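Hi everyone, thanks for coming. I'd like to walk you through one model today, so let me put it on the screen.

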Amino acid sequence: MKRPEYAKAAVLREFGQPLAVEEVQVPRELEAGALLVKIEVCSVCGTDVHLAHGALAIKVNLPVILGHEMVGRVIEIGPHANIDSMGQQVKVGDRVIWAHSYCGHCFQCTQAKQPYLCINKRMYMYESMEKHPFLMGGFAEYGYVLPTSGRVKVPDDVDSTLASLSSCAFRSVMNAFDQIGDISPSDTVVIQGAGPLGILATGVARIRGANKVITVGAPEQRLSLATDFGADEVLSVTGMDAAARLERVRELTQGRGGDIVFDFSGVPGAFAEGMDLVRSGGRYMVAGQTSKGKIEFQPSLITLKNVHLQGSISADISHYHKALQFISRHQSSLPFGRMLTNRYGLGTINEALAGMSAGHEIKPLVLPWGDN
Ligand SMILES: [Zn+2]
Ligand SMILES: [Zn+2]
């Protein structure tokens with residue numbers, strides 16, 4: 001296939017302003033290790049909305065191509081890029097998902113072995129589309145996989161619409177579970193948040209063998225999906241107050257509270273509630289906070305409850321692989337497809353973001369080439 005010169009892409013030039021579809025340059029050459037892909041689908045993430053509103057606590061170099069949960073079909077392979085991070089051959093026509101770019105030689109990449117904290121990392125959706133390699137966002141016809149980005153082929157039995165979940169939401173969930181450690185068959189796991197991450201986490205906690213899974217969130221439609229992903233009990237954040245939720249969690253745990261609590265809510269205030277919901281000596285994984293929001297908090301609770309408090313941001317390529325494997329293995333028993341809501345093209349991208357912002361959507365899909 002002849003390399004295209006331009007790609008249509010949804011560009012954000014100013015925070016708070018709608019996206020505009022623009023023609024963005026396609027790199028003239030592929031560096032060694034790089035891939036050029038046609039974007040098959042890019043699901044919409046809450047982070048896209050927060051970034052567009054200027055609410056993220058992460059630096060953004062405008063103008064950017066929005067979108068970062070993409071699945072690409074390889075159309076050109078740079079020198080030495082014919083193998084993925086799992087050792088599988090990559091050919092033109094294969095589907096891949098890929099991680100942010102980690103340098104592989106800084107302290108975080110090598111000694112700490114936490115590449116998602118790389119001090120030289122380059123992130124899709126956060127880099128200006130005016131600088132090489134231009135195609136750093138998902139709401140675009142084409143995408144560029146940087147040489148230092150881990151990449152993994154999508155298994156044949158995983159649809160691209162589901163694979164897109166693995167390129168942000170699900171890989172983040174996998175990393176959070178890895179970092180918080182084992183789940184014992186006697187553990188009660190509390191999940192804060194019934195958005196895509198909370199629902200996926202509910203399924204993972206169930207499959208990884210939790211005794212009880214309690215998911216906290218809203219609205220009703222999302223809580224019912226959490227039930228279908230394996231929640232034993234769901235607690236509404238609109239239908240009951242925090243005191244009633246705490247009481248119910250204690251009732252379900254012989255008065256102790258959750259052994260492991262995951263925060264995937266994205267709401268700063270949920271942190272204080274999570275500190276109440278976790279039992280003394282329990283573990284609290286805060287993986288859903290990316291905003292600049294602040295709360296008042298009593299640090300002595302961490303000491304007095306002897307809580308193991310842990311954060312988790314993004315993921316490395318092993319988590320992308322695990323997420324894809326999880327979908328492949330469990331798609332017949334967990335209703336992943338029901339998380340996917342409406343489909344949009346680049347021309348209706350602002351409607352997709354508005355729907356996400358208003359909570360009408362769980363996972364809208366953007367198909368830059370139309371719905372086929
Ligand atoms: Zn590094
Ligand atoms: Zn995301």
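**Strands, helices and two domains**

Let's start with a single pair of residues: A7 has V24 in β2 as its bridge partner. A little further along, A9 is bridged to E22, also in β2. Before I go on, a word on the source: this is a predicted model, where local features need pLDDT of at least 70, side-chain atom pairs count only at pLDDT 80 or more, and totals for chains, interfaces and linings use all residues. Residues are numbered from 1 along each chain as its sequence is written, and chains are lettered from A and ligands numbered from 1 in the order in which they are written.

Those bridges belong to strand β1 (residues 6-12), which pairs with β2 in the antiparallel sense over 6 bridges. When I say that two strands pair, I mean that DSSP finds at least two bridges between them. Helices and strands themselves are DSSP runs, H or I of at least four residues for a helix and E of at least two for a strand, numbered from the N terminus.

On β4, β1 has another antiparallel partner, this time over 2 bridges, and there V11 stands opposite I65. Put together, that gives an open sheet of 3 strands in the order β2-β1-β4, with antiparallel pairing. Its edge strands are β2 (20-25) and β4 (64-65), each pairing on one side only. How many of the 7 residues of β1 are buried? The count is 5, so to speak of β1 as mostly covered is fair. Buried here means 20 or more other C-beta atoms within 10 Å of the residue's own, exposed means 12 or fewer, and partly exposed is in between, with C-beta atoms placed from the backbone.

Now to the other sheet. This one is open too, with 6 strands in the order β11-β10-β9-β12-β13-β14 and parallel pairing. At its edges stand β11 (233-236) and β14 (308-311), each with a single partner strand, so one side of each has no neighbour in the sheet. From one strand to the next, the twist averages 15°. For angles like this, axes are lines fitted to C-alpha atoms, for helices over the stretch in contact, and the angles run from 0 to 180 degrees between N-to-C directions.

Within this sheet, β9 and strand β10 (residues 212-217) pair in the parallel sense over 5 bridges, and I191 stands opposite T215 in β10. Helix α6 (residues 220-228) packs on the sheet and touches β10 and β11, its direction making about 165° with that of β10.

Helix α8 (residues 270-277) has A270, E273, G274, M275 and L277 buried. What do these buried residues pack against? The partners are β9 (188-192), α7 (242-251), β12 (258-263), β13 (278-286) and α9 (300-304).

Next, a pair of helices. The axes of α4 (residues 169-180) and α10 (residues 317-330) come within 8 Å and cross at roughly 105°. The two helices are therefore roughly perpendicular to each other, a label that covers 65 to 115 degrees, while under 35 counts as roughly parallel, over 145 as roughly antiparallel and the rest as oblique. From α4, the residues F170, R171, M174, N175 and D178 meet H319, Y320, K322 and A323 of α10. By contact I mean C-beta atoms, placed from the backbone, that lie within 7 Å.

Just ahead of α4, in the loop that follows α3 (160-166), sits S167. Is S167 buried or exposed? S167 counts as buried, because 29 C-beta neighbours lie inside 10 Å. Leaving out residues up to four places away in sequence, S167 touches E69, M70, V71, I97 and Y320. S167 and A323 are 156 residues apart in sequence, yet 8.5 Å apart in space, C-alpha to C-alpha.

Over in helix α11 (residues 349-357) we find E351, which is partly exposed, with 14 other C-beta atoms within 10 Å. E351 and P18 are 333 residues apart in sequence and 9.7 Å apart in space, again C-alpha to C-alpha.

Finally, the overall layout. The protein is divided into domain 1 (6-157 + 331-366) and domain 2 (173-311), with bounds from an automatic or database domain assignment. Their centres, taken over C-alpha atoms, are separated by 28 Å. Across the boundary, 14 residues of domain 1 are in contact with 13 residues of domain 2. On the domain 1 side, helix α1 (residues 46-53) gives the largest share, 3 residues.

Thanks, and I'm happy to take questions!

Terms used: Contact = placed C-beta atoms within 7 Å.
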